[in-house]
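Please study the sequence and the three-dimensional structure shown below before attempting the exercises. Each task is followed by a worked solution.

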Amino acid sequence: MSDSMSPEQPEKMYLPRSSESPQLHKIRHTASHVMAMAVQKLFPKAQVTIGPAIENGFYYDFDNPEPFTEKDLKAIQKEMVKIINRKLPVIREELNRPEATSRIQELNEPYKLEILEGIKEPITIYHLGEEWWDLCAGPHLENTSELNPKAIALESVAGAYWRGDETKAQLQRIYATAWETPEQLAEYKRRKEEAFRRDHRKLGKELGLFIFSDEVGPGLPLWTPKGTVLRSTLESFLQQEQLKRGYLPVVTPHIARVDLFKTSGHWQKYKEDMFPLMAEDELSAAAEQGFVLKPMNCPFHIQIYKSELRSYRELPMRLAEFGTVYRYEQSGELGGLTRVRGFTVDDSHLFVTPEQLDDEFLNVVDLILSVFKSLQLKNFKARLSFRDPASDKYIGSDEAWEKAQGAIRRAVEKLGMDHFEGIGEAAFYGPKLDFIFSDALEREWQLGTVQVDYNLPERFDLEYVAEDGTRKRPVMIHRAPFGSLERLIGILIEEYAGDFPLWLAPVQVRLLPVSDAQRDFTIEVAALMRSHGIRVEADTSNERLGKLIRNAEKDKIPVMAVIGAKEVESNSLSIRTRASGELGSIPIAEVVEKIVSAIAQYSNF
């Protein structure tokens, strides 16, 4: 077996999230209180703030004069075991506001006083025995003995600002995890280790795909030559698929007048996620006149549609662009390529008649499924991202929303797709069909999306001339099969563990001459392969063959070709692939033919 192939895995253990298991939520909530009690017992000057259960564990934020160390975490966990083994009852008590205020003042806990201000009655506190309590809504276990100390682990310490505000006190956040059984904890740790091995930030650096620079700014990736080849390959792949399906390529600017986004509603509904206004002077700034970096491509495509009066004969019109957009993500929310401030969306906007909507929507879904198949992404489900009727963040009429949501529901039902509804997940201008992908570590990511929109055509007064000569309003479909190239590449790096399939690999073949005597022949072979569109490197570093092979393995090159005197004489290559191991000596023409064929079919050599 090649070292790139995963060893046989035991049957996967299901690890529920806190939101999926009421019992696990109680375990983690109770464990967080036990941890806080242990911290205050060992560090009497530490003040507690908040300590919620999160999806895979819990955390607590502390204000402590000295930073917690790895040694401190071990001591805290040891103290937690003692508390658990004392079998302390967890007691709920309900208080009025004056009594709660008095109790907190006695403890001299200013953070708790601030938390109390935001709590509506009834006000509840939870006690661990008679020694420790905290403000909390619950729920909790009834006794610390219900916790399994062998299923709890303290993981790390990180900085966190009080209330998430950079102008307020910096706290120390202890992250931890808790499970029902030690076996679940062991599986969780295994997945964390595997996640570290696959981490796209680590692999991206090792494979030389992208970098971040403090001088450029956080959340703004810089693509190296190899990373750019990877991006370009993905772009070309989708461009070809789109051309086959009647999409028309367009290019639009990175900035626009703010008025464009006032018309679309982005400025009113999305302003906090946009970069600040660029105004010529203070007067313009006060009047909110100037330019902004685009957070979306749709208003630009609308302008192209509006540039002429369209006939029903021109519809559907499918405009497509790899458009880079900019969103002012908070620094604490940035994460490698999966959450950035500047990213490229494989964006397209389809302008269709109401009668064309269902068929066009199905065609878009078919394109997305085709893309996923070529990328070998199989484990996904569809989320019907609908509006929350109780929220005021949306634009448009109830009738328009019902029509748009109905189109999406009809499509998934016709296709028989595994789906679920996400109420409140819609964009402010329309509902979406989002594709939620589960990776090798059971983590979920949103990739492709399709949106039905009756609202922007209304806001921009879009029209077409119908068959009967009347003016009618088109419907828009917004779609992005990849979502964003940055997030997709981050996910693919982790899904493949950096071991890209042949068609996608930045370097597909590396030629390894045994000695300088084969150098000229190697260079000739490289030129031949390049002439057939193969991405090839010739390693002429004059290292020993074993080192050349190890370097190629480390760089995860799909095909290695050893060239010695025997290969030169027989005009062949000794092939070793990561997918299938040693394949022996093969004539050069046959190697080239097989590689070209495999690339065209998105398969291995």
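The exercises that follow concern a predicted model.

**Exercise 1. The sheet**

Task: State the order of the strands in the open sheet of eight strands, and explain why one side of S11 and of S18 is left without a neighbour.

Solution.
Step 1. Strands of a sheet pair through backbone hydrogen bonds, in either a parallel or an antiparallel sense.
Step 2. Reading across the open sheet of eight strands gives S11-S15-S16-S23-S20-S19-S17-S18, and the pairing is mixed.
Step 3. Strand S11 (248-249) and strand S18 (419-423) stand at the edges; each has a single partner strand, so one side of each lacks a neighbour in the sheet.
Step 4. Within this order, strand S20 (residues 444-453) and strand S23 (residues 475-480) are joined by five bridges in the antiparallel sense. As an example of bridge partners, Val-450 is matched with Arg-479 in S23.

**Exercise 2. Helices across the strands**

Task: Determine which strands helix H11 and helix H12 lie across.

Solution.
Step 1. Helix H11 (residues 298-306) lies across strand S15 (317-326), strand S16 (342-352) and S23. The angle between H11 and S16 is about 40°.
Step 2. Helix H12 (residues 357-374) lies across S15, S16, strand S17 (380-386), strand S19 (432-438), S20 and S23. With respect to S20, H12 runs at about 160°.

**Exercise 3. The largest pocket and the largest cavity**

Task: Describe the volume and the lining of the largest pocket, and then those of the largest cavity.

Solution.
Step 1. The largest pocket contains about 1900 Å³ of space.
Step 2. Its lining comprises 46 residues, and those nearest the centre are Ile-54, Glu-55, Asn-56, Arg-443 and Trp-445.
Step 3. Among the elements that each supply at least two residues of this lining are strand S7 (152-161), strand S8 (170-178), helix H5 (182-198), helix H6 (200-206), S20 and helix H15 (485-496).
Step 4. Sorted by character, the lining of the largest pocket has 15 nonpolar, 13 polar and 18 charged residues.
Step 5. The structure holds one cavity of 30 Å³ or more, and the space in the largest cavity is about 70 Å³.
Step 6. Residues lining the largest cavity include Pro-513, Asp-516, Arg-519 and Leu-548. The lining of this cavity divides into three nonpolar, three polar and three charged residues.

**Exercise 4. Backbone geometry in loops**

Task: Identify where the cis peptide bonds from Glu-121 to Pro-122 and between Leu-315 and Pro-316 are found, and then examine the phi values of Glu-288 and Gln-376.

Solution.
Step 1. Most peptide bonds are trans, and most residues other than glycine have a negative phi.
Step 2. The bond from Glu-121 to Pro-122 is cis, with omega near 10°. Pro-122 belongs to the loop between helix H4 (110-117) and strand S5 (123-128).
Step 3. Leu-315 and Pro-316 are also joined by a cis bond, with omega about 5°. Pro-316 sits in the loop between strand S14 (310-311) and S15.
Step 4. Glu-288 has a positive phi, near 55°, and lies in the loop between helix H10 (282-286) and strand S13 (291-293). Partly exposed means between 20% and 50% relative accessible area; Glu-288, at 28%, is therefore partly exposed.
Step 5. Gln-376 has a positive phi near 65°, and its place is the loop between H12 and S17. With a relative accessibility of 38%, Gln-376 is likewise partly exposed.

Notes
Residues are numbered from 1 along each chain as its sequence is written. This is a predicted model: local features need pLDDT of at least 70, side-chain atom pairs count only at pLDDT 80 or more; totals for chains, interfaces and linings use all residues. Side-chain values use heavy atoms; hydrogens and water are left out. Two strands pair if DSSP finds at least two bridges between them. Helices (H or I, at least four residues) and strands (E, at least two) are DSSP runs, numbered from the N terminus. Contact means heavy atoms within 4.5 Å. Axes are lines fitted to C-alpha atoms, for helices over the stretch in contact, and angles run from 0 to 180 degrees between N-to-C directions. On a 1 Å grid over the protein atoms alone, a cavity is a set of points where a 1.4 Å probe fits but cannot get out, and a pocket is an open set with protein on both sides within 12 Å along at least five of seven lines; lining residues have an atom within 4 Å of a point. Grid points are joined across faces, edges and corners, and a volume is the space filled by probe spheres set on the points. Ala, Val, Leu, Ile, Met, Phe, Trp, Tyr, Cys and Pro count as nonpolar, Asp, Glu, Lys and Arg as charged, and the others, Gly among them, as polar. Buried means under 20% relative accessible area, exposed over 50%, partly exposed in between (1.4 Å probe, protein chains only).
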